[in-house]
Amino acid sequence: MTQHFPTRQLRFFLTAPSPCPYLPERYERKVFAHLPLADGAAVNDSLTQVGFRRSQNIAYRPACESCQACVSARIPADDYVFSRGERKTLARNEDLERRLVEAEATMEQFDLLRRYLTIRHADGGMAEMTWPDYVAMVEDTAVRTHIVEYRLRSPDVGPGELMACALVDVMSDGLSLVYSFYDPTLSRRSLGSFAILDHVIQAGLAGLPYVYLGYWVRGSEKMDYKVRFSPIELLKPEGWTLMSSRDMPAAGAE
């Protein structure tokens with residue numbers, strides 16, 4: 001099937017069914033399109049706003065025949081009011097410096113990713129990611145993207161120890177968190193939540209209204225953390241809908 005965008009015609013493709021990585025005994029299918037090199041950023045913006053996600057130079061969204069558990073989520077950054085717990089998370093990480101770097105893979109980042117995947121997602125689809133895979137994830141793109149590194153403040157002029165990373169797309173209406181990873185042994189810091197909260201702050205400072213989180217998957221403990229942020233907008237058939245904590249199911253711990 002095709003869908004018209006002002007810049008060009010895109011061709012969409014449908015994957016074969018495969019086991020769902022989030023919900024047991026279910027199968028997933030995805031619809032995807034290749035992002036064009038010439039105007040990939042604008043096309044990626046348009047697709048993200050209607051529920052797609054980017055992976056390298058591909059934009060995809062779930063197209064499962066009998067399941068609609070995956071729902072696109074974004075945080076409205078304008079006038080976001082941090083809860084007491086969120087303020088504590090920000091305070092616990094005040095000793096970290098954020099460093100915006102080009103989307104160029106480093107072995108230091110990859111080593112941190114491997115530790116994260118081994119402890120947090122050993123049974124996930126990315127568990128066997130290799131160095132070339134990581135390089136492609138970071139560098140194979142035609143959109144406006146960068147990496148934010150969170151490091152301990154160094155006592156000298158060199159960079160401090162790397163604690164967390166976030167691969168981020170800069171869109172016309174927000175920041176899209178493509179993938180984040182962190183030291184999995186520092187659970188008290190809540191580094192995953194911290195990275196999201198920091199990007200809510202950064203979006204506000206940049207005058208960008210949204211932080212895109214990808215998919216919340218109802219029934220998946222791995223993805224429940226996304227609905228802890230309130231308010232949050234979910235993409236429903238009628239469009240983006242603002243939800244409060246009262247509207248959402250109880251979320252598991254990250």
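Guide: Let's start with a rule for reading helix pairs: angles under 35 degrees count as roughly parallel, over 145 as roughly antiparallel, 65 to 115 as roughly perpendicular and the rest as oblique. The structure above is a predicted model, in which local features need pLDDT of at least 70 and side-chain atom pairs count only at pLDDT 80 or more, while totals for chains, interfaces and linings use all residues. Residues are numbered from 1 along each chain as its sequence is written, and side-chain values use heavy atoms, leaving out hydrogens and water.

Visitor: At what angle do helix 2 and helix 5 pack?

Guide: Helices (H or I, at least four residues) and strands (E, at least two) are DSSP runs, numbered from the N terminus. Axes are lines fitted to C-alpha atoms, for helices over the stretch in contact, and angles run from 0 to 180 degrees between N-to-C directions. Here helix 2 (residues 84-92) meets helix 5 (residues 191-206) at about 95 degrees, with the axes 10 Å apart, so the two are roughly perpendicular.

Visitor: Which residues make that contact?

Guide: Contact means heavy atoms within 4.5 Å. Helix 2 brings Glu 86, Thr 89 and Leu 90, and helix 5 brings Phe 194, Leu 197, Asp 198 and Ile 201.

Visitor: How do I read a nonpolar core?

Guide: In soluble globular proteins, nonpolar side chains tend to be buried together. A nonpolar core is a set of buried Ala, Val, Leu, Ile, Met, Phe, Trp, Tyr and Cys residues joined through side-chain atoms within 4.5 Å. Buried means under 20% relative accessible area, exposed over 50%, and partly exposed in between (1.4 Å probe, protein chains only). The largest core here has 51 residues, and Phe 229 is one of those touching the most other members. Beyond four places in sequence, Phe 229 touches Ile 75, Tyr 80, Glu 86, Ser 193, Ile 196, Leu 197 and Leu 213. A second, separate core has ten residues, including Leu 10 and Val 31.

Visitor: Is Arg 53 buried or exposed?

Guide: Arg 53, in strand 7 (residues 53-55), counts as buried because its relative accessible area is 10%. Its contacts beyond four places in sequence include Tyr 60, Leu 177 and Tyr 212. Leu 177 is 124 residues from Arg 53 along the chain, with 9.7 Å between their C-alpha atoms. His 146 is another case to look at: it is found in strand 11 (residues 145-152) and is buried, at 12% relative accessibility.

Visitor: How many disulfides are there?

Guide: A disulfide is a covalent bond between the sulfur atoms of two cysteines. The rule used here asks for a pair of cysteine sulfur atoms within 2.5 Å, and the count comes to zero.

Visitor: Why do Cys 20 and Cys 64 have no bond to their closest cysteine sulfurs?

Guide: For Cys 20, the closest one is in Cys 70, 6.1 Å away, which is too far for a bond. For Cys 64, the closest is in Cys 67, at 5.7 Å, again too far.

Visitor: Which backbone details should I look for?

Guide: Try the peptide bond between Ser 230 and Pro 231, which is cis, with omega about 5 degrees. Then find Glu 25, a residue other than glycine whose phi is positive, near 60 degrees. Glu 25 sits in the loop between strand 4 (18-19) and strand 5 (27-28) and is exposed, at 82% relative accessibility. Gln 56 also has a positive phi, near 55 degrees, but is partly exposed, at 27%.
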